[in-house]
Each structure stands twice: as C-alpha cells, then as structure tokens.
Amino acid sequence: MLIFRFLQIASLAYLCSLIKMVSCQSLSVGLEKGAPAILKNSQDIRRNYKLYNLCSGHHVQIIGKEINARGLSDNANANMSFISARSRHHLNAINIMGQKSGRYVCFNKRGKLIVRFNGRKKLCLFQEDFSKEHYTVLKSLYNPEWYVGFNKKGKPLKGSLHSKSKMESCFHFLKRDHSYGMEQYTPPGPKIKHPWKLKDLLTGGHRSRPQRKVPKTPTR
C-alpha cells in the first residue's frame, strides 16, 4: 500500500512536469494531503521543489546566509527539499532545505525568517498545508500562528503578518519541478577556507601554510 501510494504521487509529479500548467497545483492537492501518511513511515523521503511565491512573482532561494523570493526558475539556489523530520513534537514535521547551500529555513524567536546549518530545533520545523484556493502554505511548528511569507520585493515577512487578510497572497506558494526520492541524503557541510588547518586539528600536528617557491634570479 505504501509503495502504491508513493507511485501515485511520483506519477502525478511526472505528469505535471510534462504539462507545465498551474492547474496541476489543484490536481495534486488530494495526493499531497496523503503525503504525511507516507512520510511518517520513512525518514528518508525527500520531495524536491521550486517554491514560487505569489506575492513576489519569483522563487524562494537561499544564497549564503540570506533567504529571499527573487530566484529565477533556472537558478540552482532555488532548488528546495522538503525532508521528513519525525520528532516528538509532530509526526508530520518537515525541514525545508536549500539543496545547493545545505542550509535550513528557520524562524528566530522574534518570528523573523532566517537560515541555519542545523535544522533540528523546533524553530526549523514546519507543517505543510493548503489554502482554500489550493495554494501551499507553510506553518511553523514552534508557533502555529507563524507562516513562511515574502513581500513584493522578495524580502522575508514576519510570520505573524499572515493574519492580515490584505497580505494573504504573500504566504501562498506554487510548487514547481516536482521530484521525489527515498535515498539517504547528507547535506553539504560548510566550506572550509583553509583546509590544511582542519587537518592539523585532527592529527594534532602543526603545519604552516604552503609557501610558493619563487625561482632565484641568476646573478652574473
């Protein structure tokens, strides 16, 4: 039953990628609502998307320590992963991670949207839901009144602003470029500026930075 349900979701995702129509968003809602039942049976399932924000008219992207909704459809920084994150807080919890950066989408304690390398805290856990218009909404598990949203310029909004009806569309997303996977995934770690220093720490030795040899000018 689990395999059959997973094949249903994967087949619909493939069909949507061929049709490239917004109407697929509403067609997929029924199967997407059934996704948590699959996710709670496996911690290895990842769902990959590009998240198109209705308010900014662009995709969510993570560049370095910054998150915004100004990404283009062909930008690798806009590739996002929804990763099952079963915890004692909620069986349907997910992490949202930038595939290229390896950073997780999180809230800080003031409700501001940020990114972190560690997604284990409850501030980095979300629950996926759908609006009455069948758009994707992402609710914080730390504070159920906070939602992920961006303004018209693509800047992150405070999660609590979701309650303002005139800003409702800024918290709505369309999923694009769907793909699914069940393989074990390890996100990339932070870049190391001076790798030889890390080797010294691991071995307990000390090694100076390699010096470039400059050939001596012959004298007459």
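Accessible areas were computed by the Shrake-Rupley method with a 1.4 Å probe, and for residues only the protein chains shown count as cover. The structure is a predicted model, in which local features need pLDDT of at least 70 and side-chain atom pairs count only at pLDDT 80 or more, whereas totals for chains, interfaces and linings use all residues. Residues are numbered from 1 along each chain as its sequence is written, and side-chain values use heavy atoms, with hydrogens and water left out.

The accessible surface of the protein chain is about 13,600 Å², and carbon and sulfur atoms account for 54% of this area. Of the 220 residues in the chain, 43% are buried (under 20% relative accessible area, with a 1.4 Å probe and protein chains only).

In soluble globular proteins, nonpolar side chains tend to be buried together. The largest nonpolar core (buried Ala, Val, Leu, Ile, Met, Phe, Trp, Tyr and Cys residues joined through side-chain atoms within 4.5 Å) contains 21 residues. Val60, Ile67, Ile96, Val105, Val148 and Phe150 have the most contacts inside this core; contact means heavy atoms within 4.5 Å. Beyond its neighbours within four places in sequence, Ile67 touches Val60, Gln61, Ile62, Val105, Leu113, Val115, Phe150 and Pro156. Another core, of seven residues, lies apart from the largest one and includes Tyr147, Leu157, Met167 and Phe171.

Across the protein chain, contacts between residues at least 6 apart in sequence were also examined; 53% of them join residues at least 24 apart.

Notes:
Buried < 20%, exposed > 50% of the residue type's maximum accessible area, 1.4 Å probe, protein only.
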